[in-house]
Amino acid sequence: MTREARFVTVDHAWSGGWSGRSLVRVTDGIDLLGPPQAVHAGLPHLPGTLLAPFADSHVHLGLIDPTALASGGIARVDDLGWDPDEASLWPEHGRLDQRWPEVRVAGGLLCPPGGYPSRSEWAPDTAAVVVSNPAGARREVERMHDLGASFVKISLNSDAGPVFDDVTLRTIVDAATDRLLVPVAHVQGAGQARRALDAGVARLAHTPFSERLDDDLVERLAARTSWISTLDIHGHGRGGAVHDVAVANLARFRAAGGHVLYGTDLGNGDLPVGVNARELRALQRAGLDLEQLLHALTAGAELGGTGETGRAPSRATWIATPPPTSDPSAVASDWLATATVITPDTLLEKTT
């Protein structure tokens with residue numbers, strides 16, 4: 001049963017763009033309605049800034065405490081690889097337990113025999129879904145689909161072992177696309193970004209970091225793929241040569257019109273659970289301003305029923321202070337890192 005609507009005002013809001021003082025309808029979701037009218041004077045008021053729900057587009061929930069994400073401002077996550085049967089339970093957890101983020105999953109990581117991550121220690125053995133031929137590719141994509149996946153994660157890591165041949169790779173991509181699953185590739189090693197593009201991969205799980213991509217390839221990738229940033233996994237705030245390669249590739253990708261998604265590979269080393277200011281600063285070095293950071297963080301979500309799902313989100317992101325105005329670029333990352341997740345109940349609790 002949908003709860004009775006309550007109405008509040010908020011000082012500032014962002015939902016695909018900025019608005020000032022705004023009217024918000026609170027039911028089971030959070031719906032931004034537009035500027036308040038005179039009739040709304042005296043309504044409860046939420047101070048600060050209400051934002052479309054922030055997403056981390058690359059996490060591994062099996063390596064963290066999912067309930068810790070809300071206090072760090074992350075309302076939605078895309079899990080890009082774990083034991084498929086365990087991961088299949090997480091979207092329902094996210095729907096039923098508002099201490100969790102909303103969750104979409106890939107299930108396992110499809111790899112050839114001996115390929116990454118089959119010999120890695122960071123995930124359970126079952127996270128590596130071994131595919132030996134095109135028939136096996138179609139079968140495993142169908143299994144991920146039946147387990148409720150939104151993505152198919154493809155391993156193209158020639159630095160850590162063998163990678164798929166062109167026919168099997170293309171079969172995986174086509175099978176995923178046929179089932180409306182987004183094919184996402186872990187691209188590592190010289191030449192693998194080009195192979196992913198030629199096979200029709202829609203999204204790269206990491207900004208390419210193994211090599212400086214040539215300008216023609218960057219432009220082709222910008223036209224046909226989105227990239228998840230994951231810049232801070234290289235150095236964890238200390239930078240370095242690999243970090244610099246990734247930032248330079250992303251800067252040219254963005255300049256060419258490429259679609260950038262905020263993602264951290266959370267669970268991979270010393271990363272904060274929540275909005276990562278270091279990741280945001282690296283994105284700024286790649287040329288993103290405050291509004292572009294917000295587009296990367298919200299990944300198409302909006303406050304109201306006009307976003308990807310067609311319904312008002314059950315969670316939003318909230319920052320207790322107004323947006324920076326005098327020099328936004330200087331303080332954007334630190335300001336965004338103060339975010340917390342807000343639900344209909346906690347929103348009403350914070351009104352005055």
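This report describes two helix pairs and the internal cavities of a predicted model.

**Helix α3 with helix α4**

Helix α3 covers residues 134-146 and helix α4 covers residues 166-178. Their axes lie 9 Å apart, and the two helices pack at an angle of about 25°. Angles under 35 degrees count as roughly parallel, and α3 is therefore roughly parallel to α4. The crossing of α3 and α4 is right-handed.

On the α3 side, the residues that meet α4 are Pro134, Ala137, Arg138 and Val141. On the α4 side, the partners are Val167, Thr168, Thr171, Ile172, Ala175 and Ala176. Sorted by class, the contact of α3 with α4 has 7 nonpolar, 2 polar and 1 charged residues.

**Helix α7 with helix α8**

The second pair is formed by helix α7, residues 241-255, and helix α8, residues 277-285. The axes of α7 and α8 come within 8 Å and cross at roughly 55°. An angle of roughly 55° falls outside the ranges for roughly parallel, roughly antiparallel and roughly perpendicular, so α7 and α8 are oblique to each other.

Helix α7 contributes His243, Val247 and Leu250 to the contact, while helix α8 contributes Ala282, Leu283 and Arg285. The residues of the contact of α7 with α8 divide into 4 nonpolar, 1 polar and 1 charged.

**Cavities**

The model has 3 cavities of 30 Å³ or more. The largest and the second largest are set out below.

| Cavity | Volume | Lining by class |
|---|---|---|
| Largest | about 50 Å³ | 6 nonpolar, 2 polar, 1 charged |
| Second largest | about 40 Å³ | 5 nonpolar, 2 polar, 1 charged |

The largest cavity is lined by Pro117, Ser118, Ser120, Trp122, Ala123, Pro124, Asp125, Ala127 and Ala128. Among these lining residues, Asp125 belongs to the charged class, and Ser118 and Ser120 belong to the polar class.

The lining of the second largest cavity consists of Val187, Gly189, Ala193, Pro208, Phe209, Ser210, Glu211 and Leu213. Here Glu211 is of the charged class, and Gly189 and Ser210 are of the polar class. The nonpolar residues of this lining include Val187, Phe209 and Leu213.

Key: Residues are numbered from 1 along each chain as its sequence is written. This is a predicted model: local features need pLDDT of at least 70, side-chain atom pairs count only at pLDDT 80 or more; totals for chains, interfaces and linings use all residues. Side-chain values use heavy atoms; hydrogens and water are left out. Axes are lines fitted to C-alpha atoms, for helices over the stretch in contact, and angles run from 0 to 180 degrees between N-to-C directions. Helices (H or I, at least four residues) and strands (E, at least two) are DSSP runs, numbered from the N terminus. Angles under 35 degrees count as roughly parallel, over 145 as roughly antiparallel, 65 to 115 as roughly perpendicular and the rest as oblique. Contact means heavy atoms within 4.5 Å. A crossing is left-handed if the near helix is turned anticlockwise from the far one by less than a right angle, and right-handed if clockwise. On a 1 Å grid over the protein atoms alone, a cavity is a set of points where a 1.4 Å probe fits but cannot get out, and a pocket is an open set with protein on both sides within 12 Å along at least five of seven lines; lining residues have an atom within 4 Å of a point. Grid points are joined across faces, edges and corners, and a volume is the space filled by probe spheres set on the points.
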